[in-house]
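Q: Got a model open here and a few things to ask. Can we walk through it?
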Amino acid sequence: MSEKNDDLKKVVNQALAEQKVPHVKLDKMKPSTVDIDKLTKPSKETHQEYWGKGLTFLAIILIILLVVSIIGFVGEHGLATFFSDHVNIIHFLTSTNWDPTQGENHVGALAMIVTSFLVTLISALIAAPFAIAVALFMTEYSSKRSAKFLQSVTELLVGIPSVVYGFLGLTIIVPTIRNVFGGTGFGILAATLVLFVMVLPTITSLTVDALKAVPTELRNSSAALGATRWQTIYHVILRASTSRILTAIIFGMARAFGEALAVQMVIGNAVLMPYNLVSPSATLTSQLTSQMGNTVMGTLPNNALWSLALLLLLMSLLFNFLVHLIGKKGKK
Amino acid sequence: MKEIMTAKNVKLSYGNFEALHGIDLDFPEKRLTALIGPSGCGKSTFLRCLNRMNDDITGVKISGDIRFNGKDIYSPKMDLVALRKHVGMVFQQPTPFPFSVYDNVAYGLRIAGVKDKKLIEQRVEESLKQAAIWDETKDNLKRNAQAFSGGQQQRICIARTLAIRPEVVLLDEPTSALDPISSMEIEKTLMSLKHKYTFIMVTHNLQQASRVADQVAFLMNGNLIETGPTEKMFISPKNKVTSNYLNGRFG
């Protein structure tokens, strides 16, 4: 009997030895002993967790500090115009008389404010329908390959530096306007056309995202009810993505409002109330870029420019607020 | 009994992969046919052939002969938009459009060019009643359809499909995303409607098929294994595989 047992043991051992995959010994799979002391102390993973939390928190603190100090700095200098130089804030917002070197009664930004808004609104108004059409073609009609191609084209357009757009505008658009309408060719029209090209890709790519976010099931359901592609687009897709498309347009407007260099190159830089689309004028941003080298820190002309900067900052806050507002409405 | 839709030797392939290997199946008018079978057997794919929803898939090839009222739906002359007005479809997930219940149900009529407000109003009410969702929606027809529960949304979608008075309604697992109570509501709806419309339903739920279907077709691996009246299929199927599947002895 014992011989047989031995035999069996031998057979098993030999089989185990011949196995290519090592035999798992079950007693190694017992639960590891629990160390109560260790449980109450943070483990290595928990330490890593602390580190990760700490690092991201630090980054956030840094960014918040940066934002607060930018707002503080711009605010301090921008408000100095009103508090230490005694410029009337109502006068600043309603007068078109801009010549800060002549004293506090010549600090009126209305012409620039109006021009900035006109340029922004007109360029967004022209760009939005084009952008929506292009985005619709890319998402609803074209094949995947041509959509990819169009997407890389729009990305390229976004990536071109603004000075290049300004240069192109200066050499092509301004002379063309001069030949067609007379005058110098500089003005709101030229700025609008340049901004149109610059804003178009921004609105397009955001609108593409908006349209892609519409579930395919809605398209299928509409088609299954006997709708044509166009009916589906018009009645379902555009309706489902309205708030996101509006957001896209506002982002485009924010870009147009903030664009300085390209606008400065084609708008003419005369701080005058624009009386038509081809008269030279200036926007808030173009005035900042063209004049910031000509003033001395701490003087009224310099502070007046800071006030323009503050106005721009407030406007971008307003754009952000609008985006949030529309986003909230869209969710309802 | 009249056959409203007939399919002969329907084959479908994506690229090199053949998903349907020649399916012959007829659908009697004003009856409910259930397509059953394991996941990936091609029943949804086959269903989507019947109103040409597969056309948009890149690299898809469909051959065979599918006739609706005797007309070849894959003939180049067939108007896709017109076909889908006669052969409607309800999807697995409820897909209400992001506007009011009323506009959802009226959608199909409006895009078909119906301008008569009275007619639309009448149809909307009728369809919501038919889909057994009228009592829950009659007081808030202006409410966004996406604000309703999943089961209610699905019945709104059924009402939306019925509003254009299709002859055939294709249902692609219409209750699989719903809880049992909502599913029961939908089943009741189908039971009450199946003598007015022709339904073709894909379902994973065998009890559901046995409860509502008049005819059952069992598909596996892209082949039609067996088809017949529901009772016969469940009590005495001819094929061993069918019997195993229906009794849960599968694989």
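A: Yes. A definition to start: helices are DSSP runs of H or I, at least four residues, numbered from the N terminus. By that numbering, Thr81(A) sits in helix H3 of chain A, residues 44–83. One caution: this is a predicted model.

Q: Is Thr81(A) buried or exposed?
A: Thr81(A) is buried, because its relative accessibility is 0% and the buried class runs under 20%.

Q: Which side chain does Thr81(A) make a polar contact with?
A: Ser307(A). The two side chains are joined by a polar contact of 2.6 Å.

Q: What else is Thr81(A) in contact with, leaving aside neighbours within four places in sequence?
A: His86(A), Val87(A) and Val107(A) are on the list. So are Leu300(A), Asn303(A), Ala304(A) and Ser307(A).

Q: Switching to the interface. How many residues does each chain put into the contact?
A: Chain A gives 18 residues and chain B gives 22 residues.

Q: What area do chain A and chain B bury between them?
A: About 1,600 Å². Carbon and sulfur atoms carry 66% of it.

Q: How many polar contacts and salt bridges cross it?
A: The rule finds 4 residue pairs in polar contact across the interface, both residues at pLDDT 80 or more. It finds 1 salt bridge between chain A and chain B.

Q: Which residues form that salt bridge?
A: Arg239(A) and Asp103(B). Their closest N and O atoms are 3.6 Å apart.

Q: Which helices of chain A each supply at least two residues to the side that touches chain B?
A: Helix H9 (216–224) and helix H10 (229–240) of chain A.

Q: How do the residues on that side divide into nonpolar, polar and charged?
A: On the side of chain A that touches chain B, 7 are nonpolar, 8 are polar and 3 are charged.

Q: Stay with H10(A). Which residues are buried there?
A: Gln231(A), Thr232(A), Ile233(A), Val236(A) and Ile237(A).

Q: What covers the buried residues of H10(A)?
A: The cover includes helix H5 (110–141), helix H8 (188–212) and H9 of chain A. Helix H3 (101–111) of chain B is part of it too.

Q: Back to salt bridges. How many over all chains?
A: The count is 13 over all chains. The pair that crosses between chains runs from Arg239(A) in helix H10 of chain A to Asp103(B) in helix H3 of chain B.

Q: Are Arg239(A) and Asp103(B) buried or exposed?
A: Arg239(A) is partly exposed, with a relative accessible area of 46%. Asp103(B) is buried at 19%. The buried class ends at 20%.

Q: Which other salt bridge does the side chain of Asp103(B) form?
A: One with Arg110(B), at 2.9 Å from N to O. Arg110(B) is partly exposed, at 39% relative accessibility.

Q: And what does Asp135(B) pair with?
A: Lys138(B). The closest N and O atoms of that salt bridge are 3.7 Å apart. Asp135(B) counts as exposed at 59%. Lys138(B) is partly exposed at 39%.

Q: Which residues are linked in a network of salt bridges?
A: Glu136(B), Arg155(B), Glu185(B) and Lys188(B) are linked that way.

Q: New topic. How many disulfides over all chains?
A: The structure holds 0 disulfides.

Q: Why does Cys41(B) have no bond to Cys49(B)?
A: The sulfurs are too far apart for a bond. Cys49(B) holds the closest cysteine sulfur, and that is 13 Å from the sulfur of Cys41(B). A disulfide needs the pair within 2.5 Å.

Q: Are Cys41(B) and Cys157(B) buried or exposed?
A: Cys41(B) is buried, with a relative accessible area of 1%. Cys157(B) is buried as well, at 3%.

Q: Last one, backbone angles. What is the phi of Asn269(A), and where does Asn269(A) lie?
A: Phi is positive, about 55°, although Asn269(A) is not a glycine. Asn269(A) lies in the loop between helix H12 (261–267) and helix H13 (284–291) of chain A. Asn269(A) is partly exposed, at 30%.

Q: And what about Arg165(B)?
A: Phi of Arg165(B) is near 50°, a positive value in a residue other than glycine. Arg165(B) is in the loop between helix H6 (150–162) and strand S7 (168–172) of chain B. Its relative accessible area is 24%, partly exposed.

Methods:
Residues are numbered from 1 along each chain as its sequence is written. Chains are lettered from A and ligands numbered from 1 in the order in which they are written. This is a predicted model: local features need pLDDT of at least 70, side-chain atom pairs count only at pLDDT 80 or more; totals for chains, interfaces and linings use all residues. Side-chain values use heavy atoms; hydrogens and water are left out. Contact means heavy atoms within 4.5 Å. Buried area is the accessible area (1.4 Å probe) that two parts lose on being put together, summed over both. A salt bridge is a side-chain nitrogen of Lys or Arg within 4 Å of a carboxyl oxygen of Asp or Glu. A polar contact is a pair of N or O atoms within 3.5 Å; within protein, one must be able to donate a hydrogen and the other to accept it, and residues adjacent in sequence count only if both atoms are side-chain atoms. Ala, Val, Leu, Ile, Met, Phe, Trp, Tyr, Cys and Pro count as nonpolar, Asp, Glu, Lys and Arg as charged, and the others, Gly among them, as polar. Buried means under 20% relative accessible area, exposed over 50%, partly exposed in between (1.4 Å probe, protein chains only).
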